[in-house]
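Please look over the sequence and the model shown here before reading on. The paragraphs that follow lead from strands to a helix and then to the enclosed spaces.

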Amino acid sequence: MAEVKPFSLFTDFDINLFKAGKHYRLYEKMGSHIMEVDGEKGTYFAVWAPSAKSVSVIGDFNYWIEGEHNLNVRWDESGIWEGFIPNTGKGTIYKYKIQSHNNDIKTEKADPYARRCEHPPKTASIVWDDPYTWEDAKWMKKRKKHNALDAPYSVYEVHLGSWKKQIKENRFLSYIELADELVAYVKEMNFTHVELMPVMEYPYDPSWGYQLTGYFAPTSRFGYPEEFKVLVDKLHQNDIGIILDWVPSHFPEDAHGLGFFDGSCLYEHPDKRKGYHPDWKSLIFNYGRNEVKSFLISNAIFWLDQYHVDGLRVDAVASMLFLDYSREDGEWEPNQYGGRENLDAIAFMKEMNEAVYSSFPDVQTIAEESTSFPMVSKPTFIGGLGFGMKWMMGWMHDTLQYFAKEPIYRQHHQNDLTFSMTYAFTENFMLPLSHDEVVYGKHSILGRMPGDEWQRFANLRLLYSYMFTHPGTNLLFQGAEFGQSAEWNFQQSLDWHLLAYDVHKGVQTLIKDLNKLYKKEPALYQKQFQSDGFEWIDYSDTENSVLVYIRKGNSSKDDLIIVCNMTPVPKDDYRIGLPKTGTIKEVFNSDLKKYSGSGNFKNKAIKSEEVSHQFRDHSASIQIPPLGMIAFKYIKK
């Protein structure tokens, strides 16, 4: 039998933290680590498998023979198996062969902490180190300003495998190619952040990355781990932040993954009512197990620490919060107080957010949460979950439902739009038009718009203009920014050829300018989560389907007056109430010719009149384009 040298990276303090669920940097100890021990070069391996009778490392270096390199179990009942194997190193392909005490079940598992994985459909782990010299010091020093809650935060959501193809070779772009093309595009479009659908290793392409097996490894589909760092670095060098989708809610049952890891329910909850997700046919983490908490929180910290990531968008939070999520009566068990809340998951999320913000106060965590669970984006010290932001799913649903209606019927449904303002400041909301809204027969965002071609594109421009001037931050999925006609298909590139048509090019130009407006005007971001950053002028003109409101910054001189006409009927002499006397000028108009609008309804500088209107002492008569939005600002005296 080949020698496995006894060696450990763990101190007693590490073990105590691990058992207590408080070790937040387990990736520094667990997994495979290239090093030199007693003058010999090799690899240290460590894996958690408390129900194992034996654990051996199998791989290309020992012809995958079980028992050639057996790890040693620690004496402290931590369940950690470890050892140093000489003459192994970077590029060694391996798995753990685990024989369980549970009826002598044997499993072959990938390393949960592996830094690199084989390209699917292969499933082994690869010993790897990815030294990298970062060149983003300037960004890291000032990113607190870019990621602040009172800063512009406009997100471009991307699925790396379907954003764009390398045409000659008919393949998707690599991390290195994306570092050039994606970064240049996002910068041109004036987005502040990119959000990547999961880049952690996953076996099944149709899962879009939401069924993970390699939590600590960027997917090998697009290149090496250090090449993913190049992409992050390039984004930062161009003043663009990066958010990663993170999936602590569930994981797949693939044989090489976390499920039934050591012949027992190690990572998943042993009770199927808490440990199995009926919708996604996947396993749910045991949030009450301390070692699992250490694993998950360490994973969140890992991407922020090792990859300089600026935020985590946490997937499927609602499914974690509620024991009865997607379950019928009798398929779930109430908590100890008789409620439906998953107390272990709630405690985990609070602890995760506390750990993230204590180590990285200049990042954001964003919850994809679709219920009315209170205080998701409030600090834990006042009873909140501690997230920085929460997706505003209610706004998304109501707004898309409203815009799908023929304009003639909108007068009866204005409440669909105005309702969002009754709860807009209960959380730090991000307005999402994400990948979930352009699949499974829902149509593209453009495809939901009613009317002839001109009206459909005008409606789309109006939707986006309303979205960018509504309180909160913004997220758009790839393709939406130029009016992709077809639903998203993860197997295909976006339809970039559509930009040859003026109507699609016009939408793209509009998004570019809306992002510019958002970044330029403090009224749109300084108080985007505060109720005193918004004021209605009029929400009651249902007959004309017109909304008028004010967005406010820290100074009243920055106020913007927003007017939205939700019908294809232009308003040539429409009077709006004004908050004060003075002269207003048009700073944005969604109907301009450069956006493929009519260009016929522009407003020159307009002086207020002492005519009472809409409960205001001052007012002005303006032109509003059909299916258009106009933003006004007071001219400095």
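**Strands, a helix and cavities**

Strand E19 (residues 311-314) and strand E20 run parallel and are joined by four bridges, where strands (E, at least two residues) and helices (H or I, at least four) are DSSP runs numbered from the N terminus, and two strands pair if DSSP finds at least two bridges between them. This is a predicted model, in which local features need pLDDT of at least 70 and side-chain atom pairs count only at pLDDT 80 or more, while totals for chains, interfaces and linings use all residues. Residues are numbered from 1 along each chain as its sequence is written, and side-chain values use heavy atoms, with hydrogens and water left out.

Within the E19 pairing, Gly311 stands opposite Gln364 of E20. Strand E20 also runs parallel to strand E21 (residues 389-391), to which two bridges join it, and here Ile366 has Met389 as its bridge partner. Along E20 (residues 364-367), Gln364 and Ile366 point one way and Thr365 and Ala367 the other, yet all are buried, that is, under 20% relative accessible area with a 1.4 Å probe and protein chains only.

Elsewhere, six strands form an open antiparallel sheet in the order E24-E25-E26-E31-E28-E29. Strand E24 (534-538) and strand E29 (606-607) stand at its edges with a single partner strand each, so one side of each has no neighbour in the sheet. Two bridges hold the antiparallel pairing of E28 (residues 583-589) with E29, and Ile584 stands opposite Ile606 in E29.

Helix H6 (residues 290-306) has 17 residues, of which 14 are buried, so the helix is largely enclosed by the rest of the structure. Just after H6, His308 takes a positive phi of about 60°.

What empty space is left inside? A search of the whole structure finds five cavities of 30 Å³ or more; a cavity is a set of points on a 1 Å grid over the protein atoms alone where a 1.4 Å probe fits but cannot get out, and lining residues have an atom within 4 Å of a point. A volume is the space filled by probe spheres set on the points, which are joined across faces, edges and corners. The largest cavity has about 110 Å³, and of its 16 lining residues the closest to its centre are Val438, Gln478, Gly479, Ala480 and Gln484. The second largest cavity holds about 90 Å³, and the elements that give two or more residues to its lining are helix H5 (272-275) and helix H7 (317-321). Among its lining residues are Arg273, His277, Phe322 and Asn342.

Definitions and conventions: Buried means under 20% relative accessible area, exposed over 50%, partly exposed in between (1.4 Å probe, protein chains only). On a 1 Å grid over the protein atoms alone, a cavity is a set of points where a 1.4 Å probe fits but cannot get out, and a pocket is an open set with protein on both sides within 12 Å along at least five of seven lines; lining residues have an atom within 4 Å of a point.
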